[in-house]
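Here is a quick walk through a multi-chain model, written for someone who has it open on screen. Have a look around before reading on.

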Amino acid sequence: MNLKALIKSLMLRKFTTGLLILQLAITLGLLVNSAILALDTREKLSLSVGIDLDNILIVSTHPTSGNYRDLDYFRSIATEDLAKLSQLPGVNSVSISNHLPVSHRGMMSNVFDLDNPEQERTDKYLKDVNYILAEENLASSMGFTLIEGRFLNKSDQLDFGSDTKRNMVITESLKNTLYGDSSALGQETNNGFIVGVIKDVILDPSNPRDKQYGVFVNTIMEYIFVGRYYILNVEPGHMASVRSKAADTILAVQAERDIFDVFTMADRLKDYYRDDQGLADLFILLCGLMILVTAISSYAYSQFHIARQKKYIGIRRALGARKIDILLYVLTENWLVYTLGCILGIAVALGFNILLSQHISLSKPDLGLFLVAVSIVFISGTLATWFPANKTSKVPPVIATKTV
Amino acid sequence: MLIMNNIARIYRNETIQTHALRDFSLEVKAGEFIAVTGPSGSGKSTFLNVAGLLDTFDSGEYQLDGVSVQGLSDNQLSKLRNEKIGFIFQNYNLIPDYSIFDNVDMPLRYRGFNRAERKRRVEKALEKVGLASRASYLPSQLSGGQQQRVAIARALAGEPKILLADEPTGNLDSLMARQVMELLHSLNQEGTTIIMVTHDPDQAREVSRNIQIIDGEISDFRIYAPLQENQLNDKESHISDKEAVDA
Amino acid sequence: MLNYNLKLALISFKRAPSLYFLVILTLSIGVGLLCANLALVSSMASDPIPEKSEKLFHISMNTWPNDQPNEEPFHILRYRDAMKITESDIPKHSAVFYESGVYARDAESTNLKRFDSKVRATTPGFFALTNAPIAYGSAFSKSSGMEVVIGHELNNKIFAGENSVGKVLELDGELLMIVGVLKPWHLRPLFYHATEGRAFNLTDDIFVPLETAIDLGWSIHARSSSTVSYKGVKFTRDRNVFYLQAWAELENQNKVTAFQQYLDNYSQSLKDAGEHPLDIRNELSNVNDWLLENDIVDQKVLAFTLASVLFLCVCIFNASSLLLSRFHAAKFEVGLRRAIGASNRDMLLQGMTESILLGLFAGIASLLLAWLFLKLSSEFLPDLANLAVLEPKLLLVGILLSLFTAISSALYPLYRANRYTISAELK
């Protein structure tokens with residue numbers, strides 16, 4: 001394989017070769033970064049939330065009638081909703097709350113231990129702790145894991161309007177920040193007394209893993225008007241049937257409700273990253289288009305240069321080259337171009353990655369990704385030029401003698 | 001009409017210099033019919049390219065119809081070429097998907113004539129070569145001889161001062177070649193200056209002046225003996241369709 | 001000559017239809033995609049109220065009552081701060097509001113279906129300040145009263161688009177009368193509520209006087225922050241509950257300076273009373289500055305726009321390669337025309353005519369594709385659905401971009417075609 005001769009023949013057509021190299025480089029750059037986006041999103045979606053996402057069904061609803069301003073009325077309806085929902089076959093446990101894991105913000109409060117009121121100056125996340133209004137069944141409905149003490153019970157629900165300090169349950173990361181390794185039970189915070197600690201659940205995915213601060217109090221019935229979500233813990237295998245019946249069950253209790261959505265917690269996670277997924281999909285779509293366009297160019301490039309070289313190929317054949325030699329010759333010329341394109345493409349990929357990082361968060365490229373992208377370029381390029389290359393190898397030697 | 005003084009055309013590549021024309025001088029008077037002969041690679045084509053303003057030259061002077069060619073811009077050269085010169089090529093070089101009319105019309109487009117004027121000239125040229133009735137045909141529908149006649153009509157449409165023909169009968173059989181030569185002779189009788197490159201010694205003998213180019217240099221043979229009566233057909237200005245033999 | 005060149009261009013296209021089709025296709029996809037992105041970015045970055053965006057100011061203050069503020073300054077205000085703003089006569093108009101939501105129904109209808117409606121509880125100055133376009137009736141004139149103004153879409157849903165002034169709506173069990181109906185009102189972005197990611201929302205369905213909403217206890221549906229607990233919005237007038245946004249229309253620089261002074265004096269009085277622990281930091285931001293501060297241009301769209309610029313480059317390179325091979329194939333005819341007297345300039349014009357024609361075809365196709373991509377974009381980025389419109393100026397951009405790409409693709413091939421040596425042999 002005469003590399004020098006190949007390079008020389010490429011130099012004769014600098015312009016078209018240069019254009020193709022640029023196209024290959026840009027294609028590689030986009031391929032690598034699209035793959036990064038897709039992989040990043042996949043990683044986000046495989047986040048371990050801390051609860052059994054597939055078997056928790058949520059119904060989000062809002063009353064439409066003004067009658068619900070009478071909170072006792074509202075409560076009676078809600079209580080019956082919960083009763084009827086728990087009677088559905090396959091439902092293990094039901095609860096009601098104002099807030100779900102995997103959310104942006106929500107109702108927040110600052111939390112500090114009364115003995116250490118300045119702590120929120122050192123940890124800004126203590127200023128914005130998720131304040132979740134719950135009732136006693138929330139732990140079983142969500143499938144929280146207790147690591148200390150107990151979850152909320154009926155006695156934690158104070159009389160409505162009471163000013164007494166409440167009992168509350170906190171998340172593990174909050175406990176670690178406030179109390180380190182010691183027990184949190186019985187400690188007094190500005191929001192109440194701690195009676196239990198649950199294992200961390202991802203409340204806000206954009207916060208660091210060790211800053212998933214949450215506080216649960218048994219006040220949802222008192223503030224029933226923010227009771228937006230019914231949480232159903234469903235036995236595996238029954239999700240489809242429960243899902244189809246949930247809305248009707250609620251409306252059967254009282255019809256003046258707007259059922260916004262019925263979804264599993266798995267759906268919620270997907271929804272949280274909907275935009276990330278959307279962008280990754282857009283980039284992959286663009287990749288597909290770009291590979292197509294570059295393949296067209298590659299085909300046209302080969303076609304064009306082969307047509308001009310027909311006579312010389314005929315001469316080679318006349319001098320003894322076999323069909324396979326010609327095929328390899330044409331393919332090797334192309335592979336040299338692809339190689340140059342890929343080398344430039346690495347620079348483009350890195351540069352584009354840096355440029356994109358100014359606007360969105362994405363990981364840096366790694367070697368494996370480059371190898372995969374390079375192979376895609378080579379394979380699609382070879383496929384694109386296969387036809388003209390094959391046709392060329394069939395050029396008969398007699399062409400060499402033609403003068404026209 | 002055409003005066004070349006000490007023209008040199010040198011082709012240079014990385015290592016070799018080729019003198020395609022060296023110290024080439026020629027004077028052509030209006031109304032002459034000149035045959036240019038010479039071995040392959042002698043510079044005949046280069047001479048034709050330079051004479052036809054298709055190529056530049058490296059030294060010397062060239063005057064065409066009183067106009068000095070050196071230093072003219074591309075626009076000016078093109079204008080000159082368009083107005084004063086008509087080309088006739090060996091392989092006719094008609095555009096295959098244009099009609100005869102559109103093929104002949106081509107040079108007129110660059111003259112800025114209006115539609116009526118162009119139509120008039122095209123029809124006049126086609127009359128002259130005896131193909132007026134085939135104006136809407138495509139080249140593929142005509143014989144080789146007819147195609148060459150169309151090419152001649154195209155060269156004539158602009159009423160040029162000089163015709164440059166590069167082996168005009170090279171691709172034709174002897175009968176059609178005869179007809180084309182007759183046409184050229186009759187045009188010359190009417191006063192058109194013609195320079196023709198040829199390999200055919202009979203054709204060379206039939207004209208008034210021969211030039212041989214060997215190794216880029218010119219050997220000029222002056223006027224031959226007058227043409228024999230029986231070697232010519234009608235001296236009429238145009239050949240009628242009915243007499244031409246269609247393929 | 002132009003007609004001739006156009007005719008020649010069309011003949012040229014007919015001779016190599018698949019090649020030219022590919023050129024037009026790739027250029028139009030590249031331009032169309034970029035145009036769609038530019039449409040989104042332009043919607044996000046545009047001035048929604050150019051006739052007075054320099055005169056409308058959002059007010060942020062630093063009156064948080066302890067030394068642990070959420071932000072400095074804060075974009076939401078307490079009732080007492082907001083009332084101070086409405087009391088001033090320096091602004092031509094002022095608006096203080098919060099966002100809420102209710103279910104609405106025609107009170108006289110037998111149908112119990114209720115429509116989920118977005119509510120803006122506001123002082124009456126809102127309408128003049130935002131140039132809200134009134135179709136029927138008028139805006140309410142006081143901050144209280146059981147009156148509402150409704151938007152065009154809600155009017156369509158409940159009253160089938162008729163003049164519903166005088167009709168009564170049942171909102172959350174209360175009866176309020178419609179005094180005004182708006183024309184279709186598109187604000188891109190929604191400058192008056194650019195925070196909390198709502199800059200691309202539609203304008204509100206129901207506008208209700210501020211005090212009425214507070215008294216009826218219509219809950220706050222946007223950011224609110226407080227240092228004390230409270231049982232509902234009814235109780236927020238005399239507490240440190242921050243939830244109201246405030247805008248002022250200030251006609252000239254003097255007014256701006258005067259109003260700044262007014263706010264600073266108020267903050268100083270709070271400080272003197274020991275009620276303003278933080279620094280005095282009252283900020284007036286005009287519409288465009290406010291939008292900029294809130295960083296509403298979606299970075300994902302910017303990222304994708306960058307990628308589509310790269311894609312367009314690839315399309316141009318592709319077209320250039322294809323055109324080069326095409327021009328090379330047409331070498332014979334170029335040589336012939338030069339021989340019969342066409343100058344370099346004539347051939348250049350012929351080539352450019354072809355390119356421009358290509359550009360026009362690609363331009364039309366690209367606009368269709370841009371429209372299609374915009375429709376599809378809401379599948380991928382649903383939050384931007386309200387922005388996905390193709391404004392007239394983008395149509396112009398599309399055509400110009402297509403022409404530019406077609407011509408630049410052809411530049412080198414034309415240059416090369418120019419340099420072919422012409423010969424009498426014309427092989």
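## Chain by chain, then together

Chain C is built from 12 helices and 12 strands. Its radius of gyration is 30 Å, well over the 22 Å that the globule rule gives for 427 residues, so chain C is more spread out than a compact globule. Keep in mind that this is a predicted model.

Chain A comes to 11 helices and 11 strands. Its radius of gyration is 33 Å, where a compact globule of 404 residues would sit near 22 Å. The domain assignment splits chain A into domain 1, made of 3-46 plus 274-401, and domain 2, which covers 105-222. Going by C-alpha atoms, the centres of domain 1 and domain 2 of chain A are 57 Å apart.

Here are some figures for these two chains.

| Property | Chain | Value |
|---|---|---|
| C-alpha span along principal axes | Chain A | about 105 × 50 × 35 Å |
| C-alpha span along principal axes | Chain C | about 100 × 55 × 35 Å |
| Residues counted as buried | Chain A | 39% of 404 residues |
| Residues counted as buried | Chain C | 46% of 427 residues |

What about contacts along the sequence? Take contacts between residues at least 6 apart: in chain A, 84% of them join residues at least 24 apart. In chain C, the figure for that kind of contact is 77%.

### Who touches whom

Two pairs of chains touch, and the pair with the most contacts is A and C. There, 39 residues of chain A are in contact with 36 residues of chain C. On the chain A side, helix H2 (14-45), helix H9 (274-318) and helix H10 (323-357) each supply at least two residues. H9(A) gives the most, with 17 residues. By character, the chain A side that touches chain C divides into 20 nonpolar, 11 polar and eight charged residues.

The contact between chains B and C takes 20 residues from chain B and 17 residues from chain C. Chain B brings in helix H1 (44-51), helix H2 (74-84), helix H3 (100-109) and strand S7 (162-166), each with at least two residues on the side that touches chain C. The largest share comes from H2(B), at five residues. That side of chain B divides into nine nonpolar, seven polar and four charged residues.

And chains A and B? No contact joins them, and their closest C-alpha atoms lie 11 Å apart.

### Nonpolar cores

In soluble globular proteins, nonpolar side chains tend to be buried together. In this model the largest nonpolar core has 220 residues, and Leu28(A), Ala153(B) and Leu244(C) touch the most other members. The largest share of this core, 16 residues, comes from helix H9 (residues 299-329) of chain C.

Which residues does Leu28(A) touch, leaving out residues up to four places away in sequence? They are Gly341(A), Cys342(A), Gly345(A), Val348(A), Ala349(A), Ala373(A), Val374(A) and Val377(A). Apart from the largest core lies another one, of 56 residues, among them Ile56(A), Val111(A), Ala184(A) and Ile194(A).

### Confidence in chain B

Chain B averages a pLDDT of 82, and 89% of its residues score at least 70. Over residues 227-247 of chain B, though, the pLDDT is below 50. This stretch has 26 contacts in the model beyond near neighbours in sequence.

Definitions and conventions
Residues numbered from 1 in each chain as written. Chains lettered and ligands numbered in written order. Predicted model: local features only at pLDDT ≥ 70, side-chain atom pairs only at ≥ 80, totals over all residues. Domains from an automatic or database assignment. Contact = placed C-beta atoms within 7 Å. Helix = DSSP H or I, 4+ residues; strand = E, 2+ residues; numbered from the N terminus. Nonpolar A, V, L, I, M, F, W, Y, C, P; charged D, E, K, R; others polar. Core = buried A, V, L, I, M, F, W, Y, C linked by C-beta atoms within 7 Å. Buried ≥ 20, exposed ≤ 12 C-beta atoms within 10 Å, placed from the backbone. Rg over C-alpha atoms; globule rule 2.2 N^0.38 Å. pLDDT = per-residue confidence, 0-100.
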